[in-house]
Amino acid sequence: MTSRAPARRLFLRRTLAAGSVLLLSGCDRLSRSEWFAKLLGSAEKLTFATQRLLLPRTAMAQEFTEADLSPDFRSNGTRNPDNPEYQALAANHFADYRLQVGGLVAQPRIYSLDELKALPDRTQITRHDCVEGWSAIGKWKGVPLSRVLEQVEPHPSANYVVFHCADPMDGAGTRYYESIDMEDAWHAQTLLAYELNDAPLPIKNGAPIRVRVERQLGYKMAKYIMRIELVDRLDTIAGGQGGYWEDRGYEWYAGI
Ligand SMILES: Nc1nc2c(c(=O)[nH]1)N[C@H]1C(S)=C(S)[C@@H](COP(=O)(O)O)O[C@H]1N2
Ligand SMILES: [Mo]
């Protein structure tokens, strides 16, 4: 038969290889940070390069209908932060909660929950995929992170958005944290969510605020967010890999 299929495969392989090189040496942001290349394992590099090549920057994650909703959106990881400050906030229905947004921004801000809710909102029904092998479809309402970024005005040197969480992961003071790049941060479906299935976000799912980053795996979607920090690099934070699970070997780029 014809050799079209292998030829196409070869073409694709070459295109992807060229694409990876382009992405890793041509993209200004990536080439500026040698440590970033080290951060990505080679398999991860390919996923990252492939996805960034094949999908437009604005590609939307699939959205579902009410009929698709999971009967119960399960909880995973922390279900209730073992943190006295958090417990005091929860006892008062988060009336005293304040979200700090700072780092490499021109206008650092502190938001109450009501102030976040007063910003333009977005509702989306999406599927959450956990690396542990389960999925759930939920309806999320929140403020697009882009609205907050517009207000704080990221400095051009800001490459990542870091989410600092309330939940201690051990007795040594390690707390959950996560990070995403600016592409994901500005994405239309990236929300600071305060409602799940038409009710205030339950504590088990991250009250009062958790992030939705719909094109990534579950562990990227930090719950119990207390502080958002814009940074130029990740290697100076905690274990240096960009997230609690990344510091323990998970991939930083968890695109699906
Ligand atoms: N602060 C914090 N965020 C977190 C976690 C956690 O333990 N703490 N677990 C992560 C993982 S592995 C998953 S799958 C989802 C689970 O979200 P859910 O509890 O709403 O199902 O939250 C992610 N965000
Ligand atoms: Mo997960």
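1. S75 is a buried residue, with a relative accessible area of 5%. This counts as buried because the cut-off is under 20% relative accessible area. The model is a predicted one, and the points below should be read with that in mind.

2. S75 belongs to the loop that runs between helix 4 (42–54) and helix 5 (84–91). Apart from neighbours within four places in sequence, the contacts of S75 are K204, N205 and K223. With K204 there is also a polar contact: the side chain of S75 comes to 2.8 Å from the backbone oxygen of K204. A further pair to look at is S75 and G206, which are 131 residues apart along the chain, yet have C-alpha atoms separated by 8.9 Å.

3. Next, the ligand. Which residues come nearest to ligand 1? Among the 21 residues around ligand 1, these are R74, N76, D167, N205 and K223. Two of the names, N205 and K223, have already appeared as contacts of S75.

4. Oxygen atoms of ligand 1 pair with the protein backbone at several places. At R74, a backbone N or O atom lies 2.6 Å from an oxygen atom of the ligand. For N76, a polar backbone atom is 2.9 Å from an oxygen atom of ligand 1. For T78, the distance from a polar backbone atom to an oxygen atom of ligand 1 is 2.9 Å. On its own, ligand 1 exposes 530 Å², and the protein buries 98% of that area. The space that ligand 1 takes up is the largest pocket.

5. T190 sits in the loop between helix 8 (182–186) and strand 7 (191–196). Is T190 buried or exposed? T190 is buried, at a relative accessible area of 1%. Outside its neighbours within four places in sequence, T190 has contacts that include V143, P144, L145 and I180. D184 and A185 are also among the contacts of T190, as are V211, R212 and V213.

6. Some backbone details deserve a check by eye. The peptide bond from A207 to P208 is cis, and its omega is near 0 degrees. P208 is in the loop between strand 8 (199–200) and strand 9 (210–212).

7. F94 and D198 can be read as a pair. F94 is not a glycine, but its phi is positive, near 65 degrees. D198, also not a glycine, has a positive phi of about 65 degrees. F94 is in the loop between helix 5 and strand 1 (98–103), and D198 is in the loop between strand 7 and strand 8. Their surroundings can be compared through accessibility: F94 is buried, with a relative accessible area of 9%, whereas D198 counts as exposed at 55%.

8. Last, the protein as a whole. How many helices and strands does the protein have? The secondary structure comes to 8 helices and 10 strands. Of the 256 residues in the protein, 47% are buried; S75, T190 and F94 are examples. Among contacts with a separation of 6 or more, 69% join residues 24 or more positions apart. The protein exposes about 12700 Å², and carbon and sulfur atoms supply 53% of that area.

Conventions: Residues numbered from 1 in each chain as written. Chains lettered and ligands numbered in written order. Predicted model: local features only at pLDDT ≥ 70, side-chain atom pairs only at ≥ 80, totals over all residues. Heavy atoms only, no water. Helix = DSSP H or I, 4+ residues; strand = E, 2+ residues; numbered from the N terminus. Buried < 20%, exposed > 50% of the residue type's maximum accessible area, 1.4 Å probe, protein only. Contact = heavy atoms within 4.5 Å. Polar contact = N/O pair within 3.5 Å; in protein donor to acceptor, adjacent residues only side chain to side chain. Near = heavy atom within 4 Å. Areas by Shrake-Rupley, 256 points an atom, 1.4 Å probe, with all protein chains shown as cover. 1 Å grid on protein atoms, 1.4 Å probe; cavity = no way out; pocket = protein on both sides within 12 Å on 5 of 7 lines; lining within 4 Å. Sits in = over half its atoms within 2 Å of the grid points.
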